[in-house]
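Reader: I am new to this structure, and I would like to understand how its descriptions are arrived at. Could you show it to me and then take my questions in turn?

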Amino acid sequence: MSHQTDSYFPAEVERKWQACWEEEGTNRYTHAELRRVGREGKPFFNLMMFPYPSAEGLHVGNIYAFTGADIYGRYQRLRGQNVFEPIGFDAFGIHSENFALKQGIHPMELIPRNVERFQRQLRRVGFMYDWDHTVDTTTPEYYRWTQWIFLQLYKAGLAVKKEAPVNWCPGCNTVLANEQVIAGECERCGSEVELRNLSQWFFRITKYAERLLTNLEWIDWSDTTKRMQGNWIGRSDGAELTFPIAGHEDSEICVFTTRPDTVFGATYMVLAPEHPLVERITTEEMRDAVEGYRSAVAATDLVSRKKTDKEKTGVDTGGRAVNPATGEEIPVWIADYVLMEYGTGAIMAVPGHDERDFEFARKFDLAIRRVIAGDGEDPDSQLDEAYVGPGRLVNSGDFDRLDWEEGKRSITAWLAEKGKATPQVNYRLHDWCISRQRYWGPPIPILYCDACGTLPVPEDQLPVILPRIEDYRPDASGVSPLARHSDWYITECPGCGGEARRETDVSDTFLDSAWYFLRYPSASNDQLPFDPELTRDWLPVEMYIGGNEHAVLHLLYSRFITMALKDLGHIDFDEPFKRFRAHGLIVKDGAKMSKSRGNVVVADAYIDEYGADTFRTYLMFLGPYQEGGDFREAGITGPYNFLNRLWDTALSAEEGPLDAAVEQKLHATIAKCTEDLEVLSYNTAIAAMMEYLNVVRAGGRVPELDAVRPLVLLIAPFAPHLAEELWERLGNHGSIFDHGSWPDFDPAKAVADSVEFVVQVNGKVRSRMAMARGITEEGARTAALDDPNVQRFIDGRPIRKTVFVPDRLVNLVVG
C-alpha cells in the first residue's frame, strides 16, 4: 500500500484484496477440486437469483440481495463448509430486447456489454463468486441445453402444442403466461392484457399440481413464498356434477363445484359463450340473440371478462337442463363471466349462495332459492343478498338439517349412486405457455414437415442457433420476427430428407432460469448439461436467496422442471433448493426508488466515498434482511465510523489478559452473531458487534488482542476486505476465509453477571437498575429502596406488598 500510516483507506484495501483473491484463486474451484470436494468434503452450494444485466448497471436492490446471500456464504465458509458460490446472467427476454430496440443497438452487441459491466461492478463489491463457473443464458453453449430440456419434456409428452385462449400483451407484442399477468396488466410493460386464440407450446405443469402443492408442507422455504405458491396452485376439493339436457338424451352438461351441498338451489345454468354445446342447445327463437352475443364476446379481451365489478350480461339459449337433485328443468344461459379455460366452461348457478349468481339472477329475474340457513334463520325467509356463510341445509329434501360440510359428502355420494356425480379435485394452476413471438430468446427446437408432421430437432443438431437479423422488431400480427426469414426456417427434414420448417417462436425466458442452478457445477462441460456425479454431490442447492416477486414464476417453474427431470431419470432429487429465503426491499427516504422520483441510489458513488465494505455493512444494517429497510444518506456514516474504530482498535491492541467484563461481552456477542447469522438477522448482529466494540474501547484503556481477534472474524462476512487486511496485520498468513475459523463461545461465559431490573411503585415504572443475577427478593427490595427516585414516589408510606419476578422486576405496593 502507498500509505505508510495506520489510517484506514478503504479504496486501497479493497483493490489490494480483490487483486489477491483473483491472483490466488481464493474463491475458485478447479474442475478437479469441485469433484474432489463434492465427493470427500463438506459441499455447500450457496446461491442467489442471478441478475438480468440491464443497461443501467448493477442497482442497489441487486447489491442488497446479493450482499445478504454473500454474507451467508462467507459465514458458512468460516464454519468449515466448502462453499461454492457461482454467478450468472439471465440475459435473454423481453426486457433486454425492448431496451435494445429503444437504443437502436442490436441485442447481440448490447447484452455482452451489459454483462461485462455487471461483472466489473460485482467484483468491486467484493462478492465471493467463483468466476470460473459462470453462465450466460444467451450463449449457444448454454441454450443448447435449454433446448435439450425442451426436447426431454416433448418426448415425455410434457410439451404440447395446442390452440387455446392466451394472454396477449399489445405493448410487447407477445403471449404471456398467466403468471406474468398482474392485476390484468403485463408484468413487464404495464399494458392491459388481451385475449387471443393462438396455437402455442405449453408445458404440462398441471400434471404436477398435487406434487407441487404437497411438497410445500415440508420444504424449508419462507412462509410467505409457500403461501403464495399454494394459493396460485389453488387446490379445490369438490365434485363434478352431471346435468342432462332436456330434449337431448345423449347430451349433458358437466360442472365442477366445490359446493355440491347447494345443488338443490341451482335454478339456472351458465355456459361460456365458446362452449361446444351452445350451438346444439340453442333454440331457433334465441339463435340470433345468442350468435350476436357470442360475436360481441369474441371481440372482448380475457382480462375484461375476468373483472368482477363489471355489469353482468348474458343471453338465454332457450335450452333447458335437468337439475339432478330436484328433477326440475332449469334455463341454460351464456354469459361472458364464465370462461372455457376454467373448470368445464359451465357452472350451476346458485344465486341464493353466490354473490355473482345473485347479481345475475336479480338482473334477469331468475329464481333465487335458499338452501343453507345460518343459526336462527328462517328456511323460508327471503334473501336480500347471497348468503355465503356456513349453516345447515334447508329446502334440500332428505338432506334438510344436515351441517353443510356433511351435506357436501352426503349429496355427492347420493348423486354418485345415480351416476350424476364424481368426487373431484381441481386446481387453479394452468399449463405453462412457453411460446414467445419475439426475437431475443432460444429458438424452440421443433420442425414441421408436410410428410412427417411435427418432429423434434435431433439432439446432435443442437443448438438451434439464433441467427442475427436486423429486422427483429415484433408486430401485432402474432407472427414471430424469425418467420420473416425463410433462409433460416427452411431446412431439411431429418425424417424423410424433404423440406421442413423450423418453429419460429422462441421460448419463454423463464425456461432459461428454471434450470440454470443445475448448470453451474458443469458450466465448462460441453458434452452434458449437468455432470451426474457433480450434480449428485453438489445439488440440490443448500441455500437460495431471492425476491418474492418470483414466487409463482421462476420459483414455481424451477420446482416443476426439477420434478420432471427427476421423473425422466436425469437427476435424483425432487426439489431444487433445500432452503429458500426471500429478501426484503429497500426504499429511499420512505419512498420506493424510481427514476421519476430522482431518488435512485447509485452504488458506485457511495463505494467511491466510503468503500464497498461500508456500503455492504450499511445495507445490512438498514433493517431485518427479510423485510428490507429505508436508505437514508446520513445513515451510512454510522457503519463507516464503526469500521474505522475497529481498524484503529485492532492496530492499537496489545497482548494481555482479558478484562472480565470484556470476556463476558465477547462470548455474548459471538453467541448473538452466531444465532443471528443463522437466521439472516444481519442488522442485529451488526448492532451487537458495535456494542461490543464500545465495551472493548470503554475507559480509554489499551484493548487486548484477544478481545479484537474474534471481532475481526465476526465482521469478515460483512466487510471481507477490511477483515483480510486486519487478519494479515495481526500476524496471520493466507486468506481469513481459508485459514480463519468462526469463533466459538462458552454459553456459561456468555451470561451476564448482572441483569437489569424494572422497579415499580404501585405498578408504575419508577426506575431501572442493574442487580446481581439471582438476587433474592429481599436483596432486590433493599436495593430498590436505596434508589432516590423510588424513595421519592414511596414518600414515606408503608410497603404493604412486594411483587417479585426473579431477574426481571420488583414492584413495591404502598398504601
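Author: What follows is a set of questions about the terms used for this predicted model, each answered from its values.

Reader: To begin with the whole, how many helices and strands does the protein have, and what box do its C-alpha atoms fill?

Author: The protein has 29 helices and 34 strands, and its C-alpha atoms fill a box of roughly 100 × 85 × 50 Å along the principal axes. Of its 815 residues, 55% are buried, and 72% of the contacts with a separation of 6 or more are between residues 24 or more positions apart.

Reader: How do you know how many disulfides the structure holds?

Author: A disulfide needs two cysteine sulfur atoms within 2.5 Å, and the structure holds zero of them. For Cys186, the closest cysteine sulfur is that of Cys169 at 3.8 Å, which is too far for a bond. Cys496 is likewise in no disulfide, with the sulfur of Cys449 as its nearest at 3.7 Å.

Reader: What makes Cys186 count as buried or exposed, and what about Cys496?

Author: Buried means a relative accessible area under 20%, and exposed means over 50%. Cys186 has a value of 4%, and therefore it is buried. Cys496, at 45%, falls between the two limits, so it counts as partly exposed.

Reader: Which residues touch the most other members of the largest nonpolar core, and which helix gives the most to this core?

Author: This core has 177 residues, and those that touch the most other members are Phe203, Trp432, Tyr516, Ile561, Phe615, Leu619 and Phe718. Helix α3, residues 60-78, gives the most to the core, with 10 residues. Leu619 is in contact with Val60, Ile63, Tyr64, Ile586 and Phe631, when its neighbours within four places in sequence are left aside. A second core, separate from this one, has 50 residues, among them Val332, Leu383, Leu393 and Trp404.

Reader: Why are β2 and β10 said to stand at the edges?

Author: The five strands of this open sheet come in the order β2-β1-β27-β28-β10, with parallel pairing. Strands β2 (82-84) and β10 (220-221) each have a single partner strand, so one side of each is without a neighbour in the sheet. The partner pairing of β2 with β1, residues 43-48, is parallel and runs over three bridges, and within it Phe45 has Phe84 as its bridge partner.

Reader: What makes you say that helix α18 packs on the sheet?

Author: Helix α18, residues 554-567, touches β10, β27 (541-546) and β28 (577-582), and its direction makes about 175° with that of β28. Contact here requires heavy atoms within 4.5 Å.

Reader: How do you know which strands pair with β34?

Author: Two strands pair if there are at least two bridges between them. Strand β31, residues 754-761, is joined to β34 by four bridges and runs parallel to it, with Val758 opposite Leu809. Strand β33, residues 799-805, is joined to β34 by six bridges in the antiparallel sense, and there Val805 has Leu809 as its bridge partner. β33 and β34 also form a hairpin with three residues between them, and Asp807 in the turn has a positive phi of about 65°. Strand β34 itself, residues 809-814, is mostly covered, with five of its six residues buried.

Reader: Which domains are assigned, and how far apart do their C-alpha centres lie?

Author: The domain assignment gives domain 1 as 235-427 and domain 2 as 754-814, and their C-alpha centres lie 70 Å apart.

Reader: Why is helix α25 called largely enclosed?

Author: Eight of the 10 residues of α25, residues 720-729, are buried, and so the helix is largely enclosed by the rest of the structure. The buried residues include Pro720, His721, Glu724 and Trp727. Just after this helix, Gly731 takes a positive phi of about 100°.

Reader: Finally, what makes Thr535 count as buried, and which residues does Thr535 touch?

Author: Thr535 has its place in helix α17, residues 532-538. Its relative accessibility is 4%, which is under the limit of 20%, and therefore Thr535 is buried. Not counting residues up to four places away in sequence, Thr535 touches Leu518, Phe530, Ile571 and Phe573.

Technical notes
Residues numbered from 1 in each chain as written. Predicted model: local features only at pLDDT ≥ 70, side-chain atom pairs only at ≥ 80, totals over all residues. Heavy atoms only, no water. Buried < 20%, exposed > 50% of the residue type's maximum accessible area, 1.4 Å probe, protein only. Core = buried A, V, L, I, M, F, W, Y, C linked by side-chain atoms within 4.5 Å. Helix = DSSP H or I, 4+ residues; strand = E, 2+ residues; numbered from the N terminus. Axes fitted to C-alpha atoms, helices over the stretch in contact; angles between N-to-C directions. Domains from an automatic or database assignment.
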